[in-house]
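Visitor: I'm new to reading protein structures. Could you walk me through this one, a question at a time?

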Amino acid sequence: ELETRLAIQRNDEIGMLADSINHLAVELQRYRDTRQEFFANISHELRTPITYLEGYAKVLKNRLYDTEEEKDRYLDIIHEEALRLEHLVNDLFELAKMEAGKIALSLEWIDLTEIADNAVRKVQLKAAGKGLQLRTKINNGIPLVYGDGLRTEQIVLNILENAVRYTEKGGITVELDHTPEYVFLAVQDTGIGIPADELPRIFDRFYRVEKSRSRQHGGTGLGLAIAKRMAELQRGELLVSSEVGQGARFELRFAFEQQEEPA
Ligand code: ADP
């Protein structure tokens, strides 16, 4: 709560000063809330897999299963939850490094065509496994952009994996093109989509449209937060648009005026 609010009603400099102090107090409080929520989220996200690990390890130790198949199923859960923990810790570490400004980008002129092809190849099997079409619409003569190749592929892979994860029928199109202002790589899917009022929060840390569904799919809720920050570190942009039930479209942009190599 804001115990620091100044109740000064004046039309002079002191009144203006009081207004800006009050404004700062609100900002500070918001920052505190966000931080607190962030740590609460982290402990929740860590606790869930740990609970599974403990529970199923105990079941196995006490031989509380009837068949070998049942035992295998518990071992699979343990394996999955261990992977989830690893994924979560890696994502958290990546975010922490980015927020501390400790990410060393390796900037050079990169070819988005190659990056799109690589990322598409990596999700091909998963898409085919769900019976989804995976198409690329890559224009000729896409200008090189100045960025970090590996990080950019990570961003593209992340939105592409999400597209596969949140699409049950139809397909995914990866489009690469440019306008006079920017080069863009768009991933369009025909999946469940994202409600309009949730769109602005989609890049928040740990934000998920539907908690249980996303967890079931193996997500951490950190992927897009990382992807957006990663894009911005390279002076790119990551945008989203969506229609519920129709699909979602994520667009990674690199503007031309940002393409000059730093001196
Ligand atoms: P997660 O690891 O949960 O997928 P992300 O940060 O990658 O976390 O995404 C945040 C949330 O945004 C997801 O939980 C999901 O609800 C929503 N989302 C992301 N991509 C899509 C998409 N292509 N279609 C529908 N919803 C999506």
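Guide: Sure! Keep in mind that this is a predicted model. A good place to start is a network of salt bridges that links Glu175, Arg249, Glu251 and Arg253.

Visitor: What is the N to O distance where the side chains of Glu251 and Arg253 meet?

Guide: Side chains of opposite charge can pair when their charged atoms come close. A salt bridge here needs the nitrogen and the carboxyl oxygen to be within 4 Å. Glu251 and Arg253 do form one, and the N to O distance is 2.7 Å.

Visitor: Is Glu251 buried or exposed?

Guide: The cut-off for buried is under 20% relative accessible area. Glu251 has just 8%, so Glu251 is buried. Its partner Arg253 has 22%, so that one counts as partly exposed. For Glu251, then, the word is buried.

Visitor: How many salt bridges does a search of the whole structure find?

Guide: Let's look at two other pairs before the total. Arg10 meets Asp12 at 2.6 Å, N to O, and Asp204 meets Arg201 at 3.3 Å, N to O. Searching the whole structure gives a total of 16.

Visitor: Why does Arg10 count as partly exposed?

Guide: Partly exposed is the range between buried, under 20%, and exposed, over 50%. Asp12 falls in it with 27%. Arg10 falls in it too, because its relative accessibility is 44%.

Visitor: Which residues form a nonpolar patch on the surface?

Guide: Take Ile14 as a way in: it sits in helix H1, which covers residues 13–61. At 41% relative accessibility, Ile14 is partly exposed, and a patch residue needs over 30%. Together the patch has about 400 Å² of accessible area, and its members are Leu6, Ile8, Ile14, Leu17 and Ile21.

Visitor: How are H1 and H2 packed: roughly parallel or roughly antiparallel?

Guide: Two packed helices are described by the angle between their axes and the distance between the axes. H1 and helix H2, residues 68–99, have axes 9 Å apart and an angle of about 155°. Angles over 145 degrees count as roughly antiparallel. So H1 and H2 are roughly antiparallel.

Visitor: And is the crossing of H1 and H2 left-handed or right-handed?

Guide: That's about which way one helix is turned as it passes the other. For H1 passing H2, the crossing is left-handed.

Key
Residues are numbered from 1 along each chain as its sequence is written. This is a predicted model: local features need pLDDT of at least 70, side-chain atom pairs count only at pLDDT 80 or more; totals for chains, interfaces and linings use all residues. Side-chain values use heavy atoms; hydrogens and water are left out. Patches are made of residues with over 30% relative accessible area and no salt bridge: like charges are joined within 9 Å, nonpolar side chains (Val, Leu, Ile, Met, Phe, Trp, Tyr) within 5 Å. Accessible areas come from the Shrake-Rupley method with a 1.4 Å probe; for residues, only the protein chains shown count as cover. Helices (H or I, at least four residues) and strands (E, at least two) are DSSP runs, numbered from the N terminus. Buried means under 20% relative accessible area, exposed over 50%, partly exposed in between (1.4 Å probe, protein chains only). Axes are lines fitted to C-alpha atoms, for helices over the stretch in contact, and angles run from 0 to 180 degrees between N-to-C directions. Angles under 35 degrees count as roughly parallel, over 145 as roughly antiparallel, 65 to 115 as roughly perpendicular and the rest as oblique.
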